[in-house]
Amino acid sequence: MTHLADLVSIVAIVAGAVFFLAGTLGLLRFPDTLTRLHALTKADNLGLGLVVLGLLPQVDGVATGLKLVVVWLLVMLAGACASQLVARAARRGERHD
Amino acid sequence: MTDVLNAGLAALVVALAIWVVFARDAFAAVVGFIAYGLLLTLVWVQLQGVDVALTEAAIGGGLTGALLVGAASRLRGTEAAARAERPRALVRVAAAALSAAVTAALAIGVLMLPDPAPTLAPQAMANIAATGVGNPITAVLLAFRAMDTLLEAIVLVFALIGVWSLGPDQAWGGRPGLRHRADPNGILAYLARVLPPIGIIVGTYIFWVGADHPGGKFQGATIVAAMWLLAIMAGLADAPPVSRTWVRVGLAAGPLVFIAIGLMGAVTAGAFLAYPDGYAKPLIIVIELALMPTLALILALLIAGAPRRPVEP
């Protein structure tokens with residue numbers, strides 16, 4: 001049973017790391033603000049989500065697991081709002097030029 | 001494996017620090033500095049200083065970052081002029097030599113530390129039971145070295161008075177900063193409605209667990225202050241005029257309670273800031289409870305800035 005849990009953890013965390021890598025690559029390589037934001041959301045939402053999912057079988061209690069999930073939800077909330085704000089600022093900047 | 005990660009982390013911190021120093025654009029340097037603060041947080045976690053890590057994330061990265069972003073955006077207009085005027089070669093060489101000398105002195109100081117480094121940790125741990133708190137950091141901050149914490153709180157009040165004194169005469173007593181306007185149905189207003197209830201609970205929790213686990217009033221107050229600032233920036237609330245009585249009372253309350261308990265210790269326990277036997281824990285809680293709102297108020301008003309709007313009739 002613990003082997004199965006470890007396997008789930010390894011697979012999920014590696015998948016999460018891949019999304020972080022892809023997001024970072026996109027952030028560095030994409031040509032403009034909006035596409036870069038698009039790349040970033042992959043790291044925030046899916047990457048962190050998979051890492052949290054992978055950590056869940058390893059926690060020692062329900063409370064710790066819930067805290068991890070809350071961290072993921074809060075990061076998604078903050079990330080989504082910040083992306084909107086950055087995108088709006090970028091669009092306003094374009095109009096001024 | 002951990003060594004490799006630590007070495008990578010250390011290299012990253014140093015590289016980012018050098019980049020921040022050399023960045024030409026003030027705003028870019030500030031963003032780099034915030035990232036530097038977050039990396040430093042990871043360093044403290046690796047060194048198992050979770051209390052320091054929390055403070056670094058809240059104050060070093062978050063609060064200082066917000067202050068510097070404000071400063072950078074105010075300097076934007078003068079930046080081109082400042083860049084055009086290059087100091088003379090002699091001045092630059094002298095500055096470089098001075099900086100290198102300070103760095104070298106610090107490096108020598110760190111490398112020549114005796115091994116093991118002198119520490120009072122065993123003594124602090126031996127006497128922690130007398131204070132009734134479980135977190136040794138809190139015991140040091142509020143019992144063994146309470147004087148430092150008291151002076152720290154007072155310094156913050158002075159810092160805020162310093163910021164306020166930068167306001168123009170006609171705005172004295174008025175509201176700090178400019179009125180923030182945001183779309184009332186926009187995403188910022190949404191975040192400012194959703195996040196504060198969660199943030200206030202998290203801030204209070206971090207404040208409360210500080211007695212026995214990593215956390216404390218400083219980190220908690222920073223989070224509460226951030227929630228208030230979020231509401232201010234979304235236009236849902238406004239910063240209070242600096243002449244308001246409750247603001248003044250709130251700013252003075254924390255240090256005054258601290259000093260009053262300190263004086264009481266001088267009478268009942270024989271020394272300023274000494275706690276009578278058996279009353280250490282309740283008195284520490286009273287001090288923390290009094291300091292927390294004061295700190296949240298100071299930290300938020302520091303970012304809100306100098307009064308800029310004239311007093312309303």
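The following exercises, each with a worked solution, examine chain A and chain B of a predicted model.

Residues are numbered from 1 along each chain as its sequence is written, and chains are lettered from A, with ligands numbered from 1, in the order in which they are written. Local features need pLDDT of at least 70 and side-chain atom pairs count only at pLDDT 80 or more, whereas totals for chains, interfaces and linings use all residues.

**Exercise 1. Describe the secondary structure and overall form of chain A.**

Step 1. Helices (H or I, at least four residues) and strands (E, at least two) are DSSP runs, numbered from the N terminus. Chain A has 3 helices and 0 strands, in the order α-α-α along the sequence.

Step 2. The radius of gyration of chain A is 17 Å, well over the 13 Å that the globule rule gives for 97 residues, so chain A is more spread out than a compact globule. This radius is taken over C-alpha atoms, and the globule rule is 2.2 Å times the number of residues to the power 0.38.

Step 3. The C-alpha trace of chain A spans about 60 × 25 × 10 Å along its principal axes.

Step 4. A residue is buried if 20 or more other C-beta atoms lie within 10 Å of its own, exposed if 12 or fewer, and partly exposed in between, with C-beta atoms placed from the backbone. In chain A, 11% of the 97 residues are buried.

**Exercise 2. Determine how chain B is divided and how its domains meet.**

Step 1. Chain B contains 11 helices and 0 strands. Its C-alpha atoms fill a box of roughly 65 × 60 × 40 Å along the principal axes, and 30% of its 313 residues are buried.

Step 2. Domain bounds come from an automatic or database domain assignment. In chain B they give domain 1 (1-85) and domain 2 (120-313), with C-alpha centres 24 Å apart.

Step 3. The contact takes 11 residues from domain 1 of chain B and 13 residues from domain 2 of chain B; two residues are in contact if their C-beta atoms, placed from the backbone, lie within 7 Å.

Step 4. The side of domain 1 of chain B that touches domain 2 of chain B has 7 nonpolar, 3 polar and 1 charged residues. Here Ala, Val, Leu, Ile, Met, Phe, Trp, Tyr, Cys and Pro count as nonpolar, Asp, Glu, Lys and Arg as charged, and the others, Gly among them, as polar.

**Exercise 3. Analyse the largest nonpolar core and the part that H11(B) plays in this core.**

Step 1. A nonpolar core is a set of buried Ala, Val, Leu, Ile, Met, Phe, Trp, Tyr and Cys residues joined through C-beta atoms within 7 Å. The largest has 59 residues, of which B:Ala225, B:Ala296, B:Ile298, B:Leu299 and B:Ala300 touch the most other members.

Step 2. H11(B) supplies the largest share of this core, 17 residues. Both domain 1 (1-85) and domain 2 (120-313) of chain B contribute at least three residues each.

Step 3. Apart from its neighbours within four places in sequence, B:Ala225 is in contact with B:Ala296, B:Leu299 and B:Ala300.

Step 4. In H11(B), 19 of the 25 residues are buried, and the helix is thus described as mostly covered.

Step 5. At 1.5 Å a residue, the 25 residues of H11(B) should span 36 Å, and its end C-alpha atoms are 36 Å apart, which agrees. The expected span of a helix is 1.5 Å times one less than its number of residues.
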